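Trainee: I have a new model open and would like to learn how to read it feature by feature. Could you walk me through it?

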Amino acid sequence: MVRSTPIPATRGPCGVNLNMATGLGGATPSPGDCTICITCDTILLFDDNLLLHRASKEEIETIPDEIKACYAKYIAFKKTHPLPNTRTMKH
Ligand SMILES: [Zn+2]
């Protein structure tokens, strides 16, 4: 099941408004979790207030290998299945 959860609004590195998070298996975000911006594919982390920031190189190194593998699969899938242009979609 895939479910989206409202999160405190922040701007992604590309300027897109990020106000929802979608977790695999119905997971909801917790502080320290990672996610990606679906517009620019930047790896982001939730802080203690569930605000997102770009993950530093050091933070990326702490992400479990299975999550990194999932990210790589997503990037490969997205290359063959482009998402609609979210910059023009209403949020
Ligand atoms: Zn972005």
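**Reading the model together**

Mentor: Happily! Let us start in the loop between helix H1 (57–61) and helix H2 (65–80), which is where isoleucine 63 sits. Keep in mind that this is a predicted model.

Trainee: Is isoleucine 63 buried, partly exposed or exposed, and why?

Mentor: The idea is to count C-beta neighbours around a residue. Isoleucine 63 has 13 to 19 as its window for the middle class, since 20 or more means buried and 12 or fewer means exposed. With 16 such neighbours inside 10 Å, isoleucine 63 counts as partly exposed.

Trainee: Which residues does isoleucine 63 contact, once neighbours within four places in sequence are left aside?

Mentor: Cys34 and Lys68. There is also a pairing in space to look at: aspartate 33 lies 30 residues away from isoleucine 63 in sequence, with 8.9 Å between their C-alpha atoms.

Trainee: How should I read the helix that follows that loop? What length does H2 have, and what would be expected?

Mentor: A quick check is to compare the span with the rise per residue. H2 has 16 residues and runs 23 Å from first C-alpha to last, close to the 22 Å expected at 1.5 Å a residue.

Trainee: And how many of the residues of H2 are buried?

Mentor: The number is 0 of 16, so H2 lies largely in the open.

Trainee: Let me step back to the whole chain. Which elements does the protein have, and in what order do they run?

Mentor: Begin with the inventory, then read along the chain. There are 2 helices and 5 strands, and from the N terminus the order is β-β-β-β-β-α-α.

Trainee: What does the radius of gyration say about the overall form?

Mentor: You compare the value with that of a compact globule with the same number of residues. For 91 residues the globule would be near 12 Å, and the protein has 13 Å, which agrees. The C-alpha trace spans about 35 × 30 × 30 Å along its principal axes.

Trainee: What share of the residues counts as buried?

Mentor: Of the 91 residues, 8%. As for contacts between residues at least 6 apart in sequence, 35% join residues at least 24 apart.

Trainee: Now the sheet. What is its strand order, and how do the strands pair?

Mentor: When reading a sheet, look at order, direction and edges. Here the order is S3-S4-S5, an open sheet of 3 strands with antiparallel pairing. Strand S3 (34–36) and strand S5 (52–54) are the edges, each pairing on one side only. From one strand to the next, the twist averages 40°.

Trainee: How many bridges hold each pair?

Mentor: S3 is joined to S4 by 3 bridges, and 3 bridges also join strand S4 (residues 43–46) to S5. For individual partners, cysteine 34 is matched with leucine 45 in S4, while phenylalanine 46 is matched with leucine 52 in S5.

Trainee: What should I look for in the turns of the hairpins?

Mentor: Check the phi angles, especially positive ones in residues other than glycine. The hairpin of S3 and S4 has 6 residues between its strands, and aspartate 41 in that loop has a positive phi near 65°. The hairpin of S4 and S5 has 5 residues between the strands, and there leucine 50 takes a positive phi near 65°.

Trainee: Why do aspartate 41 and leucine 50 count as partly exposed?

Mentor: Again the neighbour count decides. Aspartate 41 is partly exposed because it has 13 C-beta neighbours inside 10 Å. Leucine 50 has 17 C-beta neighbours inside 10 Å, so this residue is partly exposed too.

Trainee: One last feature: which residues make up the largest nonpolar core?

Mentor: The general idea is that in soluble globular proteins, nonpolar side chains tend to be buried together. In this model the largest nonpolar core has 6 residues: Leu18, Cys34, Leu44, Leu45, Phe46 and Leu52. S4 gives the largest share of this core, 3 residues.

Trainee: And what surrounds leucine 18?

Mentor: Beyond its neighbours within four places in sequence, leucine 18 is in contact with Ala9, Thr10, Gly12, Cys37 and Leu52. Leu52 is itself a member of the core, and the bridge partner of phenylalanine 46, so you can follow sheet and core from one residue to the next.

Note on methods: Residues are numbered from 1 along each chain as its sequence is written. This is a predicted model: local features need pLDDT of at least 70, side-chain atom pairs count only at pLDDT 80 or more; totals for chains, interfaces and linings use all residues. Two strands pair if DSSP finds at least two bridges between them. Helices (H or I, at least four residues) and strands (E, at least two) are DSSP runs, numbered from the N terminus. Axes are lines fitted to C-alpha atoms, for helices over the stretch in contact, and angles run from 0 to 180 degrees between N-to-C directions. A nonpolar core is a set of buried Ala, Val, Leu, Ile, Met, Phe, Trp, Tyr and Cys residues joined through C-beta atoms within 7 Å. Two residues are in contact if their C-beta atoms, placed from the backbone, lie within 7 Å. The radius of gyration is taken over C-alpha atoms; the globule rule is 2.2 Å times the number of residues to the power 0.38. The expected span of a helix is 1.5 Å times one less than its number of residues.
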